[in-house]
Amino acid sequence: MSFLRKIEIKKGMAWCDNPKSKYYNKLIFTKRSKETLMRKDHLYDIVVFVKCNSTRVKKNKGSAIFIHISKNNYKDTLGCVALKKRHLKKIQIILKKYTCF
């Protein structure tokens with residue numbers, strides 16, 4: 001069994017995508033970020049963080065890489081994987097079986 005940490009997205013949560021910041025590619029609390037997790041379009045209502053460039057973070061080598069809900073037309077993302085909400089919910093059920101999610 002593996003471990004995925006489940007957290008509730010709250011106001012002010014964001015993912016730092018600023019390569020000049022010491023918090024680059026990390027979860028932060030701020031009001032000034034392009035990667036705010038609480039969104040009006042609900043694309044980040046279900047998010048899986050893809051552990052890419054996260055152990056030994058290298059600046060400008062990728063940040064905020066997620067699996068998240070897609071827009072209706074599967075519009076391109078900037079490095080993420082976007083799935084329909086119903087498909088992401090199915091994956092969530094599978095993850096619950098095989099992780100401490």
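**Exercise 1. The largest pocket**

Task: Determine what volume the largest pocket of this predicted model has, and which residues and elements line the pocket.

Solution.
1. The volume of the largest pocket comes to about 710 Å³.
2. Its lining consists of 21 residues; nearest the centre lie Arg-5, Lys-6, Ile-7, Val-47 and Phe-49.
3. Two elements give two or more residues to this lining, namely strand E3 (47-49) and helix H1 (85-98).
4. H1 supplies the largest share, with four residues.
5. Sorted by class, the lining of the largest pocket holds 16 nonpolar, one polar and four charged residues.

**Exercise 2. The second largest pocket**

Task: State how much space lies in the second largest pocket, and how its lining residues divide by class.

Solution.
1. The second largest pocket contains about 420 Å³ of space.
2. It is lined by 19 residues, and those nearest its centre are Glu-35, Arg-39, Tyr-44, Thr-77 and Leu-78.
3. The division by class is eight nonpolar, four polar and seven charged residues.

**Exercise 3. The chain as a whole**

Task: Describe the order of the secondary structure elements, and decide whether the radius of gyration agrees or disagrees with that of a compact globule.

Solution.
1. The chain has one helix and five strands.
2. Read from the N terminus, the order of these elements is β-β-β-β-β-α.
3. For 101 residues, a compact globule would have a radius of gyration near 13 Å; the chain has 14 Å, and therefore the two agree.
4. The C-alpha trace spans about 35 × 35 × 25 Å along the principal axes.
5. Of the 101 residues, 27% count as buried.
6. The exposed area of the chain is about 7900 Å², of which carbon and sulfur atoms supply 55%.
7. Among contacts between residues at least 6 apart in sequence, 42% join residues at least 24 apart.

**Exercise 4. Two loop residues, Ser-63 and Cys-80**

Task: Locate Ser-63 and Cys-80, and classify Ser-63 and Cys-80 as buried or exposed.

Solution.
1. Ser-63 belongs to the loop between E3 and strand E4 (66-69).
2. The relative accessibility of Ser-63 is 15%, so this residue counts as buried, the limit being under 20%.
3. Beyond its neighbours within four places in sequence, Ser-63 is in contact with Cys-16, Asp-17, Tyr-24 and Asn-25.
4. Cys-80 sits in the loop between E4 and strand E5 (81-83).
5. Because its relative accessible area is 14%, Cys-80 is buried too.
6. Residues up to four places away in sequence not being counted, Cys-80 touches Ala-64, Ile-65, Phe-66 and His-68.
7. Cys-80 and Met-38 are separated by 42 residues in sequence and by 17 Å in space, C-alpha to C-alpha.

**Exercise 5. Positive phi angles**

Task: For Asn-25 and His-42, give the phi value; then establish where Asn-25 and His-42 are found and how accessible Asn-25 and His-42 are.

Solution.
1. As background, most residues other than glycine have a negative phi.
2. Asn-25 has a positive phi near 65 degrees, and a positive phi near 65 degrees is likewise found for His-42.
3. Asn-25 is placed in the loop between strand E1 (13-15) and strand E2 (27-29), whereas His-42 is in the loop between E2 and E3.
4. With a relative accessible area of 3%, Asn-25 is buried.
5. His-42 has 45% relative accessibility and therefore counts as partly exposed.
6. Asn-25 also appears in Exercise 4, as one of the contacts of Ser-63.

Key. Residues numbered from 1 in each chain as written. Predicted model: local features only at pLDDT ≥ 70, side-chain atom pairs only at ≥ 80, totals over all residues. Heavy atoms only, no water. 1 Å grid on protein atoms, 1.4 Å probe; cavity = no way out; pocket = protein on both sides within 12 Å on 5 of 7 lines; lining within 4 Å. Points joined across faces, edges and corners; volume = space filled by probe spheres on them. Nonpolar A, V, L, I, M, F, W, Y, C, P; charged D, E, K, R; others polar. Rg over C-alpha atoms; globule rule 2.2 N^0.38 Å. Buried < 20%, exposed > 50% of the residue type's maximum accessible area, 1.4 Å probe, protein only. Contact = heavy atoms within 4.5 Å. Areas by Shrake-Rupley, 256 points an atom, 1.4 Å probe, with all protein chains shown as cover.
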